[in-house]
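Reader: Before the terms applied to this protein are accepted, I should like to hear the grounds for them. Would you set the values beside the criteria?

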Amino acid sequence: MLKIGVKIDEVRIDGDLKRLRSDLEEYQRLSLYYTELPVHGLDAIKHGRLDIKRVKDIKEILKSFEFTYSVHAPNPLNLMERENPNLHISVLRSTLEFASEIGSKVVVIHPGRYIPEENFAVNGKCDLSEGQKTRLLDFEATAIHMISEEFPQILICMENARPYLFHSPYCYAERIDSLKEQVLKINRPNVRINLDIGHLYLAAKFYKYDPVEAVISIRDLIAHTHMHDNFGNAVYYHEKQQTHQIPFGKGDSHMPVGWGEIPFKPILSTFATSYDGMFMMELRSRYFHHIKESSENLQRILSEIATEQTGKSLNN
């Protein structure tokens, strides 16, 4: 059975639990029973600590539905943070506590950034020495190893990063080989990769590598996926307005599957028939009314792959 789902958009709900309920009702109507909850969009964590009352209110809503949930950690989480690393570790631990509370087995995190996006306006290109980078990588690996031992029942899935013009390489996870190396260094059975297809395509074009070959190299580590479309053209960090970017095919668009130029079929063919995780559509809120179309396009691609490789549909 295909595990196609769609995320709850943190910008769309912005802490509004009534909107959370209504969006879950819409996903239920569309027969999409897998969804990713943004712990930050739900206001479930405040200053590094889980808000128990808020979690109770969220669970009261969730008990009305029969979804399988993944959880996305706050986007600014950065285990290479140098000013207040303990706060970031607390946010990760609270995210895993939230996942445990709602029965989720998958938590997606953004790997550490040498220069966090929030600091791009004041920082230039990364000028850290190789020794400094290694120490940050070691610190992150140690922190994730420690926390993953505390929550052995939850898969921590580290997401490959998108590139930016001028500031890249701001994050080691822009490169699939570097992300693989870090996951192997952490060396925990519940630390794996969240393959973000949109980020992969942007990075492959930016760094001029083959996205298919890159995925082949990590297919045994993929435990979760983010599915969305774009045209593969990186932008400067300040280019945020989608209405200005889309006419020029620029940016990390998070469009419905089939709207851009990502070669989904050859990429997914490398691992889809042996993969048991979720295919989580991560669409921007502006595409809320195109979720059904995106799901149908993705389902068609996956079914074609299954038919060609195994002679039977993944839906069977």
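Author: The exchange below concerns a predicted model and takes up the overall form, one helix and several individual residues.

Reader: How do you know that the radius of gyration of the protein chain agrees with that of a compact globule?

Author: For 316 residues, a compact globule would have a radius of gyration near 20 Å; the protein chain has 19 Å, so the two agree. The C-alpha atoms fill a box of roughly 50 × 50 × 40 Å along the principal axes. Within the chain there are 11 helices and 10 strands, and 55% of the residues count as buried. Of the contacts with a separation of 6 or more, 80% are made by residues 24 or more positions apart.

Reader: What makes helix α7 largely enclosed by the rest of the structure?

Author: Helix α7 spans residues 197–207, and eight of its 11 residues are buried, so the helix is described as largely enclosed. The buried residues are I197, G198, H199, L200, Y201, L202, A203 and A204. Their cover includes the strands β7 (155–159), β8 (191–196) and β9 (222–227), as well as the helices α6 (176–186), α8 (211–218) and α10 (264–268).

Reader: Why is D196 called a cap of α7?

Author: A side-chain oxygen of D196 lies 3.1 Å from the backbone nitrogen of G198, at the N-terminal end of α7. A polar contact requires a pair of N or O atoms within 3.5 Å, so a distance of 3.1 Å meets that limit. Just after the helix, K208 takes a positive phi of about 60°.

Reader: Why is K125 called partly exposed?

Author: The relative accessibility of K125 is 48%. Buried means under 20% and exposed means over 50%, so K125 falls in between. K125 is found in the loop between β6 (106–109) and α5 (130–150). Leaving aside neighbours within four places in sequence, K125 is in contact with I115, F166 and S168.

Reader: What makes the pairing of K125 with F166 a polar contact?

Author: A polar atom of the K125 side chain lies 2.5 Å from the backbone oxygen of F166. The limit is 3.5 Å, so this distance is within it.

Reader: Why is the peptide bond from S168 to P169 worth singling out?

Author: That bond is cis, with omega near 5°. Most peptide bonds are trans. P169 lies in the loop between β7 and α6.

Reader: How do you know whether H47 and H254 are buried or exposed?

Author: H47 has a relative accessible area of 62%, which is over 50%, so H47 is exposed. H254 has 9%, which is under 20%, so H254 is buried. H47 lies in the loop between β3 (45–46) and β4 (49–50), whereas H254 lies in the loop between α9 and α10.

Reader: What makes the phi values of these two residues notable?

Author: H47 has a positive phi of about 50° although it is not a glycine. Phi of H254 is near 55°, again a positive value in a residue other than glycine. Most residues other than glycine have a negative phi.

Reader: Why is Q242 called buried?

Author: Q242 has a relative accessible area of 6%, under the limit of 20%, and is therefore buried. Q242 is placed in helix α9 (residues 242–245). Not counting residues up to four places away in sequence, Q242 touches P247, S253, R284 and R286.

How values were computed. Residues are numbered from 1 along each chain as its sequence is written. This is a predicted model: local features need pLDDT of at least 70, side-chain atom pairs count only at pLDDT 80 or more; totals for chains, interfaces and linings use all residues. Side-chain values use heavy atoms; hydrogens and water are left out. Helices (H or I, at least four residues) and strands (E, at least two) are DSSP runs, numbered from the N terminus. The radius of gyration is taken over C-alpha atoms; the globule rule is 2.2 Å times the number of residues to the power 0.38. Buried means under 20% relative accessible area, exposed over 50%, partly exposed in between (1.4 Å probe, protein chains only). Contact means heavy atoms within 4.5 Å. A polar contact is a pair of N or O atoms within 3.5 Å; within protein, one must be able to donate a hydrogen and the other to accept it, and residues adjacent in sequence count only if both atoms are side-chain atoms.
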